[in-house]
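Take a look at the protein below and give it a slow turn on your screen. We'll walk through it together, piece by piece.

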Amino acid sequence: MKRKIIAYNFVLTEVLEPLKDEYDVEFFEKINPKTDQAFINALQDAEGIIGLALPADAELLDRAPNLKIVSNNSTGYNNLSLDEMTKRGVMGTNTPGVLEGTTADAIFGILLAAARRIPEMDQFVKNGNWQHHLTTEQFAVDVHHKTLGIIGMGKIGSEIAKRGHCGFDMNILYHNRSRNIEAEEKYHAEYCDLDNLLKKSDFVLLMTPLTQETENLIGEREFKLMKNSAIFVNGSRGKTVDEAALIEALKNNEIYGAALDVYQIEPVKMNNPLLQFPNVVTTPHLGSATFETEEKMAKLAMENLLDGLNGKRPKNLVNP
Ligand code: DGY
């Protein structure tokens, strides 16, 4: 009998094609993993799971007694309850090292789009409103030579600092669990406590992973510390921000605007008030979503999966 693998929300199905001689690969997408009976049945025999954002919590793990590994097709792994997994001898892995530049491009892109009001101006032209020279109504704000405050100076944060410093002559401030000496040397990034970063930055960019410490890291108090002219950019996870506080900050003009790639609930609900602000630029959690990078991530996730299934220590193990 073939060994069972579950592929959950795994888009590049062809990457898994070579596994099919040896493994029985069951694909699931657009299901509720807590209630979908076919998925729950598959868990019983599954030795490996590969995919995106599956909540691997105690309930799921109890339903999967043969599981050896959950291979995340993402660099973030806040969906993995690592303590519960480790207790049961289940490995967790992620896909770092292949998506940093791509994600930095996207997040810097929405920063630029918010500052220069590109989506709004796109609609202005397409709706036939470009009838005369622009007036102050259409003016925006500069990016170059401004201060970019990066919260979470890991690999993606550093790539964003590179774009800001080398491409746009920006002054880089950062806040992180530990000092990033390379970013300090290469991009003249200056380490800063959180409050000072919030007070001094023209762009406050959140790139931290979601952990117990970073959940709701940015709320009412933090928005009030930001400049009224600041643009807030979230490229991390939606739950690092108190969305209600962000809505209030936008309503009260406490900040100039926001650029959001992530939400507390994804896909974002159409009744989320954040979608109503013209000064909020938004994208559907697309940081790594290019053909080139998604293929690299899928292949890396598959390598991690196979190592785990074959009793080897996967390269990107994240269990403590
Ligand atoms: C990641 O890799 O963590 C991206 O945010 C996609 O989930």
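What follows goes from the overall layout to the cores, then to a ligand and one single residue. Keep in mind that this is a predicted model.

Let's begin with the big pieces. The domain assignment splits the protein into domain 1, made of residues 3-98 + 292-309, and domain 2, which runs over 100-282. If you go from the C-alpha centre of domain 1 to that of domain 2, you cover 32 Å. Where the two touch, four residues come from domain 1 and five residues from domain 2. On the domain 1 side of that contact you'll find one nonpolar, three polar and no charged residues.

UniProt has its own way of marking up the chain. An unreviewed entry lists "domain: D-isomer specific 2-hydroxyacid dehydrogenase catalytic" for residues 12-319. That span is 35% helix and 15% strand, and its end C-alpha atoms are 26 Å apart. The unreviewed entry also gives "domain: D-isomer specific 2-hydroxyacid dehydrogenase NAD-binding" for residues 109-287. Here the chain is 33% helix and 15% strand, with 10 Å between the end C-alpha atoms.

Now for the inside. In soluble globular proteins, nonpolar side chains tend to be buried together. In this model, the largest nonpolar core counts 51 residues, and Leu111, Ile150, Leu205, Ile231, Val233 and Ile255 have the most contacts inside it. The top contributor is helix 4 (residues 100-115), which supplies eight residues to this core. Want to zoom in on one member? Beyond its neighbours within four places in sequence, Ile255 is in contact with Phe223, Met226, Asn228, Ala230, Ile231, Phe232, Ala249 and Leu250. Another core, of 33 residues, lies apart from the largest one, and Leu43, Ala56, Leu60 and Leu309 are among its residues.

There's a ligand to find, too. Around the ligand sit Ser74, Thr75, Gly76, Leu99, Gly287 and Ser288. Sorted by class, this shell has one nonpolar, five polar and no charged residues.

Last stop: Phe10, in the loop between strand 1 (3-8) and strand 2 (23-28). Is Phe10 buried or exposed? Phe10 counts as buried because it has 24 C-beta neighbours inside 10 Å, and the cut-off for buried is 20 or more. Who are its partners from further along the chain? Setting aside neighbours within four places in sequence, Phe10 is in contact with Phe27, Ile50, Gly51, Leu52 and Asn73. Take Phe27: 17 residues separate it from Phe10 in sequence, yet their C-alpha atoms are 7.7 Å apart in space.

Conventions. Residues numbered from 1 in each chain as written. Predicted model: local features only at pLDDT ≥ 70, side-chain atom pairs only at ≥ 80, totals over all residues. Domains from an automatic or database assignment. Contact = placed C-beta atoms within 7 Å. Nonpolar A, V, L, I, M, F, W, Y, C, P; charged D, E, K, R; others polar. Core = buried A, V, L, I, M, F, W, Y, C linked by C-beta atoms within 7 Å. Buried ≥ 20, exposed ≤ 12 C-beta atoms within 10 Å, placed from the backbone. Helix = DSSP H or I, 4+ residues; strand = E, 2+ residues; numbered from the N terminus. UniProt positions renumbered as here; feature names shortened; annotations may be inferred. Near = placed C-beta within 6 Å.
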